[in-house]
Amino acid sequence: MLRRALLSLALLLGLAACGAEPIWSEQHEIDRVAFSAPGPAKLTLITVINNRSGAGGHTGLLINGPQRVIWDPAGTWWSPNAPERNDLHYGMTDRMVDVYVDYHTRETYHTVLQEITVSTEVASQAIALAANFGAAGKTQCSFSTSQILSQLPGFESIPVSYFPTKTMAAFAKLPGVTTRKVFDDDADDNSGLLPQG
């Protein structure tokens with residue numbers, strides 16, 4: 001029985017890993033858009049929730065430290081103004097964050113943003129962990145994000161989970177977290193929000 005369960009898990013992980021899509025923007029592209037928001041270093045867990053079922057549809061992590069980046073594992077969002085290296089997007093200005101949230105928020109999904117202030121060292125460590133993670137496989141958005149979070153000082157209570165709502169619930173228990181929910185009535189087909197070509 002245990003052997004069957006382990007084989008099933010290995011198959012699931014193998015199939016998920018097959019979806020990884022490595023992308024590697026050039027350093028000059030990243031340097032061109034480097035941006036850090038004013039104020040303290042922060043982590044913002046972003047969870048996309050199905051309005052009908054309440055199930056988690058996606059997990060991302062906005063990190064503001066020496067620069068502001070977004071970890072968007074196995075995500076479909078992209079912008080020429082936010083060059084990517086293996087699911088880590090750089091140049092996340094306020095405008096880029098708004099575009100990212102708008103892309104995920106529509107008539108069938110709302111977006112939950114949970115923000116917490118951290119030290120510059122913790123934010124830097126989060127960026128390094130995300131940069132070294134590599135491209136995440138399909139279905140591994142919460143799994144990879146919770147892996148990164150659980151390695152950070154003060155975030156050891158975050159369990160590694162495939163379920164976005166479980167990661168969101170654990171994050172909500174951290175002291176000092178503020179939560180904002182974003183709703184929109186945009187059509188479910190959000191492909192028009194991505195750059196063409």
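**Exercise 1.** Is Arg68 buried or exposed, judged by its relative accessible area?

*Solution.* This is a predicted model, in which local features need pLDDT of at least 70 and side-chain atom pairs count only at pLDDT 80 or more, while totals for chains, interfaces and linings use all residues. Residues are numbered from 1 along each chain as its sequence is written, and side-chain values use heavy atoms, with hydrogens and water left out. The scale, worked out with a 1.4 Å probe on protein chains only, calls a residue buried under 20% relative accessible area, exposed over 50% and partly exposed in between. Arg68 has a relative accessible area of 9% and is therefore buried.

**Exercise 2.** Find the partner with which the side chain of Arg68 meets in a salt bridge, and place both residues in the chain.

*Solution.* A salt bridge requires a side-chain nitrogen of Lys or Arg within 4 Å of a carboxyl oxygen of Asp or Glu. Arg68 meets Asp94 in this way, at 2.5 Å from N to O. The pair links distant parts of the chain, since Arg68 belongs to strand S3 (residues 68–71) and Asp94 to helix H3 (residues 94–104), 26 residues apart; helices (H or I, at least four residues) and strands (E, at least two) are DSSP runs, numbered from the N terminus.

**Exercise 3.** Describe the salt bridge between Asp188 and Arg106, including the accessibility of each residue.

*Solution.* The closest N and O atoms of this pair are 3.1 Å apart. Asp188 lies in the segment after strand S7 (178–182) and Arg106 in the loop between H3 and S6, so the bridge ties together parts that are 82 residues apart in sequence. Asp188 is partly exposed at 36%, whereas Arg106, at 14%, counts as buried.
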